[in-house]
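Work through these exercises with the model open. Try each task before reading its solution.

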Amino acid sequence: MDTQDSISRLPDELLGHILSSLSTKQGASTSVLSKRWRNVFASIYNLDLYDRESIREARPDWRENSKRFTAFVSNLLNLQRGSSIKKFTLKSHVSVRDGLDPANVQSWICNVLERGVVDLDLFITFLGKIQPVFTLNLMSETLVKLRLGRWFVIKLSQDVSLPMLRKLSLYSVDFDGDSNFVGKLLSRCPVLEEFYFEESEKHGPVQIQWSSPSLKRLRIRFNYVREISFDFPNLAFLKILYELGSKILDVKMDSLVEARLNHRLHYGEIWVTTYRNAGLFHVDMIHLINAISNVRVLHLSSVLHELLYFSRQELPMFDSLVCLSIESERKRGWGILPLLIKNNPNLETLIFKGLKHRLTSRTCGDVCGCINSVFHRSSCLSTSRVKVLEISGYREDSIEDLNTMRHFLAKLPCLELVKICAANIKVPIDIHHLLTLPRASPNCKIQVIHQKTSE
């Protein structure tokens, strides 16, 4: 009778595939079973390495834990003897004194790059006063995904060539000796489709000039004032957060489908938006607004749509826009919304992330009915073609929310569906009461969505 277990009957190639789907630590534990399992473990092609022990334990143990982790990784890479690797993930704390030695990390990175890594994910937190500099020889014919973060310095080799790279993420990383490191990287990635960039705490170049003919998705966050120029002819998705005072000089994004815009506003600058004198304040964003006027989906933060109002800049027509999403907060007004809605003749879906906003005749606009005046008897909503209205953060116990809802229902003539998500699931929305409110559209239905919040 054959007493050998069924797993052991599997071929080495399949066992290696199974171990590659486990964490590296779990896979390493199988190497103690027999010489065969050691050989199988040496063939795994996904390595996920995280020196979490150095984080959870007390500071006196950090140095010893780092030594054990260093020995484990070095032995593992030596055991594999140059076999090919698909994914390499390294999460670590680097320091000459208490963390991993930068020289060891440098050698590991070089090792996997030479072995044809496809997906490289380095998330390194630096501990110390002097940041180490890692030199990357980015001449890879195999690399498809690259993620670098955070708070460490990278020096690019003289030649950079990433002909297969499709996804690039740079999270709070500084580059040594090259002020145009992002532009250089983008120019050496001919098939790049996704790019995520978050600026580090250090000041980078004042002028940003990026271009890529292949890029389709872009998410960026600037922490300082910049002069920005983009040339992305095939970009479909844009998410940008940038500093108040930044200048959008030249933007080309003819294929854009969805845009999410936000301004980074410091507390010391919030006072600007409370003054009636718009001459005290200027936001040069018209180039960006014109560049996104062909989008189908647009999301605006509460800060941005109020800045648009105070900037007094003329808005273009958004003839292709079918979905507009607005973030709201009590200290920000809705003054720009009437013009946004009038300039969107084909708008079908209107989304409000919260209904709380500043209630004045200047900053509220005629989108809501929260101010009882002759001015609000007519509304831009009356000529709108909006079919779907979505509201999150609705409060059943708020008179303001109820009045705004009553105004929406009474003014939108083409409305077919209202989706409401409550802010407080402990206070259920009285849908029967909402159904009794006057509606401009006889075909309008109301749907209440209850979302569970994590404790």
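The exercises below go from the whole chain to single residues, and they use a predicted model.

**Exercise 1. The whole chain**

Task: State how many helices and strands the protein chain has, and what share of its residues is buried.

Solution:
- Start with secondary structure. The protein chain has 13 helices and 21 strands.
- Next, take burial. Of the 455 residues, 50% are buried.
- Then look at contacts between residues at least 6 apart in sequence. Of these, 61% join residues at least 24 apart.
- Finish with the surface. The accessible area is about 22,700 Å², and carbon and sulfur atoms hold 51% of that.

**Exercise 2. A strand and its partner**

Task: Sort the side chains of strand S10 by face, then find the bridge partner of Trp 210 in S12.

Solution:
- Walk along S10, residues 207–211. The side chains alternate.
- One face takes Ile 208 and Trp 210, and both are buried.
- The other face takes Gln 207, Gln 209 and Ser 211, which are not buried.
- Now turn to S12, residues 227–231. S10 pairs with S12 in the parallel sense, over five bridges.
- Within S12, Phe 230 is the bridge partner of Trp 210.

**Exercise 3. Pocket against cavity**

Task: Compare the linings of the second largest pocket and the second largest cavity by residue class.

Solution:
- Take the pocket. Its volume is about 320 Å³.
- The pocket has 18 lining residues; Lys 239, Ile 240, Arg 260, Leu 261 and Asn 262 lie nearest its centre.
- Strands S9, S11, S13, S15, S16 and S17 each give at least two residues to this lining.
- Classify the pocket lining: seven nonpolar, four polar and seven charged residues.
- Take the cavity. The model has two cavities of 30 Å³ or more, and the second largest has a volume of about 30 Å³.
- Its lining consists of Ile 289, Leu 298, Leu 300, Leu 308, Leu 315, Phe 318 and Leu 340.
- Classify the cavity lining: seven nonpolar residues, no polar and no charged ones.
- Put the two together. The pocket lining includes seven charged residues, whereas the cavity lining has none.

**Exercise 4. An enclosed helix**

Task: Explain why helix H9 counts as largely enclosed by the rest of the structure.

Solution:
- Count the buried residues of H9, residues 302–311. The tally is 10 of 10, so the helix is largely enclosed by the rest of the structure.
- Check the membership. Polar and charged side chains are on the list too, among them Ser 302, His 305, Glu 306 and Ser 311.
- Leu 308 is another buried residue of H9, and Leu 308 also lines the second largest cavity.
- Look just past the helix. Arg 312 follows H9 and has a positive phi, near 60 degrees.

**Exercise 5. Two single residues**

Task: Decide whether Ser 172 and Asp 401 are buried or exposed, and list what each touches beyond four places in sequence.

Solution:
- Locate Ser 172. It sits in the loop between strands S7 and S8.
- The cut-off for buried is under 20% relative accessible area. Ser 172 has 5%, so it is buried.
- Ser 172 touches Arg 150, Trp 151, Phe 152, Glu 198, Glu 199 and Ser 200.
- Ser 200 is 28 residues away along the chain, yet the two C-alpha atoms are separated by 3.8 Å.
- Locate Asp 401. It lies in helix H12, residues 399–411.
- Apply the cut-off again. Asp 401 has a relative accessible area of 1%, so it is buried.
- Asp 401 touches Leu 355, Lys 356, Gly 393, Tyr 394 and Arg 395.

Conventions
Residues numbered from 1 in each chain as written. Predicted model: local features only at pLDDT ≥ 70, side-chain atom pairs only at ≥ 80, totals over all residues. Heavy atoms only, no water. Buried < 20%, exposed > 50% of the residue type's maximum accessible area, 1.4 Å probe, protein only. Helix = DSSP H or I, 4+ residues; strand = E, 2+ residues; numbered from the N terminus. Pairing = 2+ DSSP bridges. Contact = heavy atoms within 4.5 Å. Areas by Shrake-Rupley, 256 points an atom, 1.4 Å probe, with all protein chains shown as cover. 1 Å grid on protein atoms, 1.4 Å probe; cavity = no way out; pocket = protein on both sides within 12 Å on 5 of 7 lines; lining within 4 Å. Points joined across faces, edges and corners; volume = space filled by probe spheres on them.
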